[in-house]
Amino acid sequence: MPKDAVVRWKGPNFCAVQAEPAPGLRNELKDMPAQATATAPSNREGAGLRSGVLIEARDLRKSYKAGASAINVLSGVNLRIEAGELIAVIGASGAGKSTLLHLLAALDMPTSGTVYFEQKAIESFRESELADYRNRSIGFVWQRHHLLADFSAAENVAMPLLMRGAGHSEALKTSARWLREVGLEARATQRAGELSGGEQQRVAIARALVQEPALLLADEPTGDLDERNAIAVFELMQRLHREHRLTSILATHNTVLAERADRVLRLEHGLLLPVGDRPKP
Ligand SMILES: Nc1ncnc2c1ncn2[C@@H]1O[C@H](COP(=O)(O)OP(=O)(O)OP(=O)(O)O)[C@@H](O)[C@H]1O
Ligand SMILES: [Mg+2]
């Protein structure tokens with residue numbers, strides 16, 4: 001990545017990079033201390049205090065145009081997730097797992113149907129509420145971490161805080177705390193591109209949680225890892241889920257890991273069903 005790359009914010013915890021001089025952000029980043037190891041107390045405000053249904057989807061449908069016809073990916077998904085639950089969503093490749101997570105995160109809009117967050121329809125959110133929802137209420141872990149390879153682990157984790165205007169030292173203190181949570185405090189100054197796949201995914205998890213979201217959405221977080229690292233990353237997410245009283249939805253192909261979730265739901269033929277149930281023909 002060019003040294004003067006622009007970091008462009010594209011939704012929850014996701015940075016896209018383009019090769020243009022960055023007017024504001026690059027200046028902010030150049031003053032970052034090389035090492036960030038200070039601790040800061042957690043200031044969670046309620047992610048773990050919520051109770052009842054946190055997120056719900058009613059009759060969610062999503063189709064994509066394919067030439068003259070349409071592909072119906074989701075054909076009436078209903079979902080009700082209580083605060084504190086750890087849910088695994090399984091399904092064959094192309095079943096619509098990523099599509100569903102993107103709709104829940106408001107990264108994409110359904111063709112019809114509604115997502116409710118804390119009983120409020122997200123389609124009714126004003127632009128600023130929607131941005132807040134994407135960036136503050138949701139932590140998103142992508143299959144391919146999308147870290148900024150030329151930035152340090154600490155900078156990557158601090159990025160969501162800096163993007164919302166937090167001061168450097170505060171952002172780096174919080175980043176250091178989250179790197180410690182994922183067992184990577186010793187890698188704080190290392191370039192993300194030099195980390196192993198498992199370490200990169202840990203940094204991505206820290207980045208997803210740095211804003212203390214209520215809901216963690218993870219799209220195949222272990223899909224690119226070998227078995228040992230996949231188990232380690234899954235167990236890390238389980239621990240963080242428990243200790244930070246998160247609500248988590250993990251899309252995965254790994255049915256063995258999925259069974260460790262509180263509930264397993266399968267996407268099949270555009271419907272989401274508890275594992276065991278089959279869609280009616
Ligand atoms: N933007 C798009 N335009 C057209 N079709 C799309 C688009 N996004 C997804 N699709 C199609 O929707 C279907 C579901 O895709 P999705 O990525 O949600 O599946 P998935 O279950 O996440 O698969 P995988 O396990 O391979 O990640 C696929 O057939 C895909 O080609
Ligand atoms: Mg997918």
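Which element contributes the largest share of the shell around ligand 1? In this predicted model, that share comes from helix 2, which supplies 3 residues. The points below cover the ligand shell, the packing of two helices, and two residues with a positive phi.

**Shell around ligand 1**
- The residues surrounding ligand 1 are Tyr64, Ile71, Val73, Gly91, Ser93, Gly94, Ala95, Gly96, Lys97, Ser98 and Thr99, and the elements that give two or more residues to this shell are strand 4 (69-82) and helix 2 (97-104).
- Sorted by class, the shell around ligand 1 holds 4 nonpolar, 6 polar and 1 charged residues.

**Helix 6 and helix 7**
- The axes of helix 6 (residues 197-209) and helix 7 (residues 227-243) come within 10 Å and cross at roughly 20°; because angles under 35 degrees count as roughly parallel, helix 6 is roughly parallel to helix 7.
- The crossing of helix 6 with helix 7 is right-handed, and the contact involves Gly197, Gly198, Gln201, Arg202, Ile205 and Leu209 of helix 6 together with Asn229, Ala232, Val233, Leu236, Met237 and Leu240 of helix 7.
- This contact between helix 6 and helix 7 comprises 7 nonpolar, 4 polar and 1 charged residues.

**Residues with a positive phi**
- Most residues other than glycine have a negative phi.
- Alanine 106, in the loop between helix 2 and strand 6 (112-117), has a positive phi near 60°, and this alanine 106 counts as buried because it has 21 C-beta neighbours inside 10 Å.
- Glutamine 119, in the loop between strand 6 and strand 7 (120-121), has a positive phi of about 70°, whereas its 10 other C-beta atoms within 10 Å make glutamine 119 exposed.

Notes:
Residues are numbered from 1 along each chain as its sequence is written. Chains are lettered from A and ligands numbered from 1 in the order in which they are written. This is a predicted model: local features need pLDDT of at least 70, side-chain atom pairs count only at pLDDT 80 or more; totals for chains, interfaces and linings use all residues. Axes are lines fitted to C-alpha atoms, for helices over the stretch in contact, and angles run from 0 to 180 degrees between N-to-C directions. Helices (H or I, at least four residues) and strands (E, at least two) are DSSP runs, numbered from the N terminus. Angles under 35 degrees count as roughly parallel, over 145 as roughly antiparallel, 65 to 115 as roughly perpendicular and the rest as oblique. A crossing is left-handed if the near helix is turned anticlockwise from the far one by less than a right angle, and right-handed if clockwise. Two residues are in contact if their C-beta atoms, placed from the backbone, lie within 7 Å. Ala, Val, Leu, Ile, Met, Phe, Trp, Tyr, Cys and Pro count as nonpolar, Asp, Glu, Lys and Arg as charged, and the others, Gly among them, as polar. A residue is near a molecule or strand if its C-beta atom, placed from the backbone, lies within 6 Å of it. A residue is buried if 20 or more other C-beta atoms lie within 10 Å of its own, exposed if 12 or fewer, and partly exposed in between; C-beta atoms are placed from the backbone.
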